[in-house]
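I opened this entry to keep a record of what I looked up in the model and of the cut-offs behind each term.

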Amino acid sequence: VFFISLSLQLIPLIGFISVGLGSAVLYLLRLALYSPDVSWDRKNNPEPWNKLSPTDQYKFLAVSTDYKSLKKDRPSF
């Protein structure tokens, strides 16, 4: 009886740990796949940050920046 009540009390803990680990894994996958700092194909695209337009949002959360109204302020290579 003691082990059954203990296992029922551990269910929320296991759930919260699973949600935390899952969100951490999803965020790391997002960083690895969509970050302009990561280059998986160095032969065809050695500098992926040069191909970004000024309106591309690469930050996870942009609080006060409207990326639609930005203009290009860097030289083209």
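I began with the patch rule: a patch is made of residues with over 30% relative accessible area and no salt bridge, where like charges are joined within 9 Å and nonpolar side chains (Val, Leu, Ile, Met, Phe, Trp, Tyr) within 5 Å. A salt bridge here is a side-chain nitrogen of Lys or Arg within 4 Å of a carboxyl oxygen of Asp or Glu, and accessible areas come from the Shrake-Rupley method with a 1.4 Å probe, with only the protein chains shown counting as cover for residues.

The model is predicted, so I kept in mind that local features need pLDDT of at least 70 and side-chain atom pairs pLDDT 80 or more, while totals for chains, interfaces and linings use all residues. Residues are numbered from 1 along each chain as its sequence is written, and side-chain values use heavy atoms, with hydrogens and water left out.

Patch: I found a nonpolar surface patch of about 830 Å², made by Val25, Leu26, Leu29, Leu33, Tyr34, Val38 and Trp40. Leu29 of this patch sits in helix H1, residues 2–34; helices are DSSP runs of H or I with at least four residues, strands are E runs of at least two, and both are numbered from the N terminus.

Is Leu29 buried or exposed? It is partly exposed, at a relative accessible area of 44%, because that class lies between buried (under 20%) and exposed (over 50%), with a 1.4 Å probe and protein chains only.

Record: I noted that an unreviewed UniProt entry lists residues 6–29 as "transmembrane region", an annotation that may be inferred rather than shown by experiment, with positions in the numbering used here and feature names shortened. The end C-alpha atoms of that span lie 35 Å apart, and the span is 100% helix and 0% strand.

Lys51: I placed this residue in the segment after H1, where Lys51 counts as exposed at 61% relative accessibility. Leaving aside residues up to four places away in sequence, Lys51 touches Asn44 and Asn45, a contact being heavy atoms within 4.5 Å.
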